[in-house]
Amino acid sequence: MSAGADFPRPNESSRLADGRLAQATIAQWHDVRLRATHGILIALDMESHDQMRKVVEQTSDIPGIVGYKVGLTVTLRLGLGGAVRHLRASTDLPLIYDHQKAGPDVPDMAPKFCATCKEARVDGLILFPLAGPRAVAAFAGSAYRNRLLPIVGGDLPFPDYNATGGGYVIDDALDKIFRKAIEIGVDHFVIPGNTPDKVRHHARWLVEQVERPSLFVPGIGALGGSIADAFAAAPGCNVYAVVGRAIYDAGDPAEAARRLAEKARRFG
């Protein structure tokens, strides 16, 4: 870590002999430990609090389930701290907060946002710092300063998100965000999982920069992506499918989670 920094930053001691960011060094900057190299992060985007807690109770002990993504549906009703307390009674797995999406804001908001999330006792943050390089540094760095895991993305699994599909975000935005994020020491990333070509493109570059980068891939199931295609496109990476409806809307959420987790674990 660089001396005198307001948050941890990589220096020469943070790197392997081949120049890549060392996984062990970055792990010292946050408190999240995922229990598998390949698995499922369950997205708790349902409206019912009771259903949410039941899904957590039924899936928390399944091998390959590595944590839960907490979004706005529960936090707008219970507050972030209340949502965490609601779920902590049922699991000790990491709770990753997705502010839908934090990061496209002025950099000055980053320390306040991350400190508030730390106070609420979440474990990590999904960040989409589309506001520019200073936002990448401020949000990811402030997460580390609060010992939260920053999971950085900037792309969504929809064809009309990027400019070539009719959207408003330039096609190489994620390349630019990742390049800056690695300067800050980020080694966990979000990449749309229903586009294996995108996963392959980013994974190929990330493994040259980071020791065992971790990829979180949404878009599995309802949005058309498959675990087999997305995970196969990322050799040398830890990969976690972000899955919501395919689990919590299933007739038997535990069985659905078990089946998907088994598919994921085959790549470990």
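**Exercise 1.** At roughly what angle do the axes of helix α4 (residues 109–119) and helix α5 (residues 133–145) cross? Describe the pairing of α4 and α5 in this predicted model, including its handedness and the residues in contact.

*Solution.* Two packed helices are described by the angle between their axes and the distance between the axes. Taking the angle, the axes of α4 and α5 cross at roughly 35°, and, turning to the distance, these axes come within 8 Å. The next step is the handedness, and here the crossing of α4 and α5 is right-handed. On the side of α4, the contact is made by M109, A110, P111, F113 and C114, while α5 contributes A138, F139, S142, A143 and R145. Sorted by class, the residues of this contact comprise eight nonpolar, one polar and one charged.

**Exercise 2.** Locate R147 and state whether R147 is buried, partly exposed or exposed.

*Solution.* Begin with the backbone, where R147 has a positive phi of about 60° although this residue is not a glycine. Next comes the position along the chain, which places R147 in the loop between α5 and β5 (149–152). The relative accessible area of R147 is 33%, and because partly exposed covers the range between under 20% and over 50%, R147 is partly exposed.

**Exercise 3.** Carry out the corresponding steps for R212, giving its phi, its loop and its exposure.

*Solution.* Phi of R212 is near 50°, which is a positive value in a residue other than glycine. R212 lies in the loop that runs between α7 (196–209) and β7 (214–217). With a relative accessible area of 29%, R212 is partly exposed.

Key:
Residues are numbered from 1 along each chain as its sequence is written. This is a predicted model: local features need pLDDT of at least 70, side-chain atom pairs count only at pLDDT 80 or more; totals for chains, interfaces and linings use all residues. Side-chain values use heavy atoms; hydrogens and water are left out. Axes are lines fitted to C-alpha atoms, for helices over the stretch in contact, and angles run from 0 to 180 degrees between N-to-C directions. Helices (H or I, at least four residues) and strands (E, at least two) are DSSP runs, numbered from the N terminus. A crossing is left-handed if the near helix is turned anticlockwise from the far one by less than a right angle, and right-handed if clockwise. Contact means heavy atoms within 4.5 Å. Ala, Val, Leu, Ile, Met, Phe, Trp, Tyr, Cys and Pro count as nonpolar, Asp, Glu, Lys and Arg as charged, and the others, Gly among them, as polar. Buried means under 20% relative accessible area, exposed over 50%, partly exposed in between (1.4 Å probe, protein chains only).
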